Amino acid sequence: MTVAERPAREPLHRRLGLTNPELEGIRERLGREPNDVELAMFSVMWSEHCSYKSSRPLLATLPTGGADVVAGPGENAGVVSIGGGLAVAFKIESHNHPSAVEPYQGAATGVGGILRDIFTMGARPIAVLDALRFGDPGSGRTRRLVDGVIRGVGGYGNCVGVPTVGGELVFDPSYAGNPLVNVMAIGLLEERLLTRAAAPGPGNLVVLFGSTTGRDGIGGASVLASATFTDEESSDRWLAGAPPPSSVGERGSKRPSVQVGDPFAEKLLIEASLELIERGLVEGLQDLGAGGITCATSETADRAGTGMRIDLDAVPRREAGMAAWEVLISESQERMLAVVRPDREADVREVCDRWGTPCAVIGVVTDDGDITILEGGLEAGRGVARVPARALTSDAVVHRRLAAPPARRRRAPAPSSATPGRAADGPARSFTDAGAVLLALLGSPNIASRRAVWEQYDWHVGTNTVTGPGTGAAVLRIKGTTKALVASTDANHAVGLLDPWLGAAMSVAEATRNVSITGARPLGVTNCLNFGDPTRPEAFWQLGEAVRGLGDACRALSLPVTGGNVSLYNESPAGTIAPTPQIGVVGLLDDVTTLVRPGFGAPGDVVLLVGEAGPGLAGSEYAALAGGAAEDGPPALDLSRERAVQAFAREATARGLLASGQDVSGGGLAVALAEASMWGAGGGGTGARLRVPSALSPAVELFGESPSRIVVSTRPRHAPALVLLARQHGLPVHELGTVGGDRLVVELVGAGATGAAEERGSRVADAIDLPVDDLCHAWEHGLRRALGWEEH
Amino acid sequence: MSVRIGVVVFPGSNRDGDTLHALRLAGAEPARLWHESASLDGVAAIVLPGGFAFGDYLRAGAIARFSPVMRAVSAFAAEGGLVLGICNGFQVLTEAGLVPGALTRNRGLRFVAREVAIVPERLDSPFTRQIDDRRPLRVPVAHGEGCWFADPETVDALERDGQVLFRYAHDDGTVAAGEEDRANPNGSVRAVAGVSNARGNVAGLMPHPEAAVEALLGSDDGLAIIRSLVESTRERVAGRAAVAAAAR
């Protein structure tokens, strides 16, 4: 049940989204009845979004350790050392429900929130990646959401001056009522400046700086992110607004729960915060996100084992007449909480003044472990609330939810009237013609070029972007060194719907493979787990299986999970979303001049396929386009094979054997080869003449999405060494042919080819012979066409 | 001899670091100038960098032009000092009336960030003299309000007087056909990408030469523009020193 459905006569705790047993838990921890303000504080802090009360036991199973890990889960962002006194901070987070209600502000504040998580650690944000998922691109509602979200991501990121260098844009009917907006940010810091979000030292001052506090975003975490949408809410009637609430928890719609972003204020906040850290003026720093002042005070105090006395009258406000509970849980954006030694207050004020950002001492650190809220001054003020910090955070309620697999294993998705096939109205759609299938896939909304989107993002500010959006993983050089960071974010929702363990493990495999194929060593994994209502056993089972898959894959690849975020209740009247474990990976390339790019190199280079296809088309883009067979399953994942493929790619790069390297994923081998052609010869495009040995059906060989495969090219003289290296890693390797000409020619040879294919009833003939220009045309125009955007 | 070139930092500037980096690569000694400073700290030339000064609230550059430093920049320009405004810096210069025309919303009404080709109109200006020939330069743009506009009579006069410095072009170097040509990323009148004042010492351009100074990042074509500024400044400083020496 959602907030709006609850009748007003219900007790306050229920209207705030707390259950009866949870109220009992609050009484136990306080040893008395909570008052209304305390109840409001618990309601945000014990929300799913802040407390992870459903997912915490699952997340505890993930591997988090590693020699280079400087800060792991529990901090604002994971931090991993990259040598030379430098470290990288990175994290991915969701802003799904705010974006569904108000796409521009929802997406904008999603960017703002994740950036604050990065610079709170002392890191300068250097890149953003956005992972966006929507319903049918042909629907008016989707188009409105896509447009607003993209403008929001760009509007915020462009203004703060952090480049948006990559991401994902995926369309699937399951996201129609509940789009996903996940944003990943990466920052760079000197390790000595690592700053913790803790409040040590009783007697230290609690300083709030940044924007003023208003009524925007009140209870965003508890109301928006921790409940599902109802019919009425999911209609545009949301946008009608609501009167300002007067007493605790009173509200008419979720409209005022959406935060409003001010990227200019954030830019000033970044500069002021980093200057404060650089000059050693703060003992601890925490951004104000979900849960506002309540969350920032209790989390920092709990981490240091301290308490705080806070005077609400000292909080700078943008609205008159705010009640205590509103000030405490407001999610007004662009605010920071600093813990400052009294003798440094003047210096902190000077820095904030110079950056034009309001700053106020709102309290003091104590040794009693309680968050004490006062009005009317720290000394003589009237007590409003008093709650142990740990009761709000580390000792928050934990639920053991029921998990149950679906009664009957889901079948492969039926031919979809919605997504991919529809946009490709160019070539004749005969499924007996592999070339026509390839063109249809290249022009489909999930594979076509995202240029129309990323051209709205400043991807080069900062002048570190070696590879921006559009072609594989993002690459950012680190000034003053030979090094580069390589980042990718991926999620396989289609396989996840069939098998959530496999979907999560494949997401990790793909994201890390995208990084390894450039020659970089993945450093760690951040994740954003987007799932349905955890009180439904099937949804909770999906979450549990996905976390298990995430853990298994990370252990197999020896990678720590350094942080992340859980977004549950992603449901609407249209249904629940496909399980979407969005994985973010950052890797380190020691010498940026060795970077391997996905496009084929020079004519005459030899093309090789490392790894091999297995059966299973379910969950593939081909299946979405053509309709899979009912008995078909997804392809299998062998994690030790995956590890070997990635190790091979890195070693081949280090030995200078690769002219190009491209991962095989969405659309299968044929799309990987087409992309390597289109992006080849330094971006101008080049053909290739290739023969693919085929043991399975042509559809599987050409369009199947078996993991653990890469397409590489090399100078002819290096080919034998490369083949040998692959065999040393225990990998199947096949020489496919050579780069050159202006056509992509792919023939299948062997048992799976020609007559055999037709005998088995496959609908795909076994040769592709297309001009590279035709590939480019289909790929370049597909997305604009699907979204109905004009060319410019 | 190294030359000190000032990079003005407004609240919301976000290309100041990139501009400093590019100026260093071009052999200059750059220094940040805070917007509240009324003095120019003895710099020999000035760059107004890209970004969103004061959030571009109201209108890009509309508030920044009132910063104390702009009074000093205007005086510096009036004395013949070299001033280059890039992107948001160009917007500030037009708002301050230091270069002709106005910058309005992009024709497509969307922010646009892409690599474009531009061609210089003249190679004898302080900002273009190091460009070796009229090949198109590959440089990125990133702006929402970059559509340069002036009335036809004004544009005629600017063209006649050699105040148009750059135009958007196709990859083969032919100038974009007009406002609707895809090679013109924002719909600027007659594909104008950069202009100077009548005296030729103050210039503004929408593309980012400072973001195209290393082949590793895709293009180093912008370095010729940055180098032009640095060399012109160096000569100016040397010329003044010679005049001063002669006077002694």
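A salt bridge is a side-chain nitrogen of Lys or Arg within 4 Å of a carboxyl oxygen of Asp or Glu. I began my notebook with this rule and applied it to the interface of chain B and chain A, where it finds five salt bridges. I note at the outset that the model is predicted.

**Entry 1: confidence**

I looked up the scores of the model, which are ipTM 0.95 and pTM 0.93. For chain B, I found a mean pLDDT of 94, with 99% of its residues at 70 or more. I kept a general caution in mind: where pLDDT is low, the predicted coordinates should not be read in detail.

**Entry 2: the interface**

I asked how many residues each chain brings to the contact. Chain A contributes 33 residues and chain B contributes 32. Between them the two chains bury about 2,700 Å², and carbon and sulfur atoms account for 57% of that area. On the side of chain B, I recorded Arg110(B), Leu216(B) and Leu217(B) as the residues that lose the most area to chain A; together they make up 23% of what that side buries.

I then turned to polar contacts across the interface and found 14 residue pairs, with both residues at pLDDT 80 or more. Which elements of chain B supply at least two residues each to the side that touches chain A? They are helix H1 (16–25), strand S6 (112–120) and strand S7 (137–143). The largest share of that side, four residues, comes from S6(B).

**Entry 3: named charged residues**

I looked at Arg477(A) and found a salt bridge to Glu214(B), with the closest N and O atoms 2.7 Å apart. I also recorded a network of salt bridges that links Arg451(A), Glu455(A) and Glu780(A) with Arg114(B) and Arg182(B). Searching the whole structure, I obtained 66 salt bridges over all chains.

**Entry 4: three pairs within chain B**

Are the partners Asp18(B) and Arg15(B) buried or exposed? I first noted their salt bridge, in which the closest N and O atoms are 4.0 Å apart. Asp18(B) counts as buried because its relative accessibility is 5%, and Arg15(B) counts as buried because its value is 1%.

Next I examined Arg138(B) and Asp171(B), whose closest N and O atoms lie 2.4 Å apart in a salt bridge. This pair links distant parts of the chain, 33 residues apart: Arg138(B) is in strand S7, while Asp171(B) is in the loop between strand S9 (164–169) and strand S10 (192–196). Arg138(B) is partly exposed at 25% relative accessibility, and Asp171(B) is exposed at 62%.

The third pair is Arg234(B) and Glu231(B), which meet in a salt bridge at 3.4 Å, N to O. I noted that they are separated by about one helical turn, because they are three residues apart in helix H5 (residues 223–247) of chain B. Both fall in the partly exposed class: Arg234(B) has a relative accessibility of 21% and Glu231(B) has 25%.

**Entry 5: nonpolar cores**

Finally, I looked up the nonpolar cores. The largest has 95 residues, and within it Phe209(A) and Trp148(B) touch the most other members. Helix H11 (residues 263–278) of chain A provides the largest share of this core, eight residues. I also found a second, separate core of 48 residues, with Leu23(A), Met308(A), Leu328(A) and Val387(A) among them. As background, I noted that nonpolar side chains tend to be buried together in soluble globular proteins.

Conventions
Residues are numbered from 1 along each chain as its sequence is written. Chains are lettered from A and ligands numbered from 1 in the order in which they are written. Side-chain values use heavy atoms; hydrogens and water are left out. A nonpolar core is a set of buried Ala, Val, Leu, Ile, Met, Phe, Trp, Tyr and Cys residues joined through side-chain atoms within 4.5 Å. Buried means under 20% relative accessible area, exposed over 50%, partly exposed in between (1.4 Å probe, protein chains only). pLDDT is the predictor's confidence in each residue, from 0 to 100. Contact means heavy atoms within 4.5 Å. Buried area is the accessible area (1.4 Å probe) that two parts lose on being put together, summed over both. A polar contact is a pair of N or O atoms within 3.5 Å; within protein, one must be able to donate a hydrogen and the other to accept it, and residues adjacent in sequence count only if both atoms are side-chain atoms.
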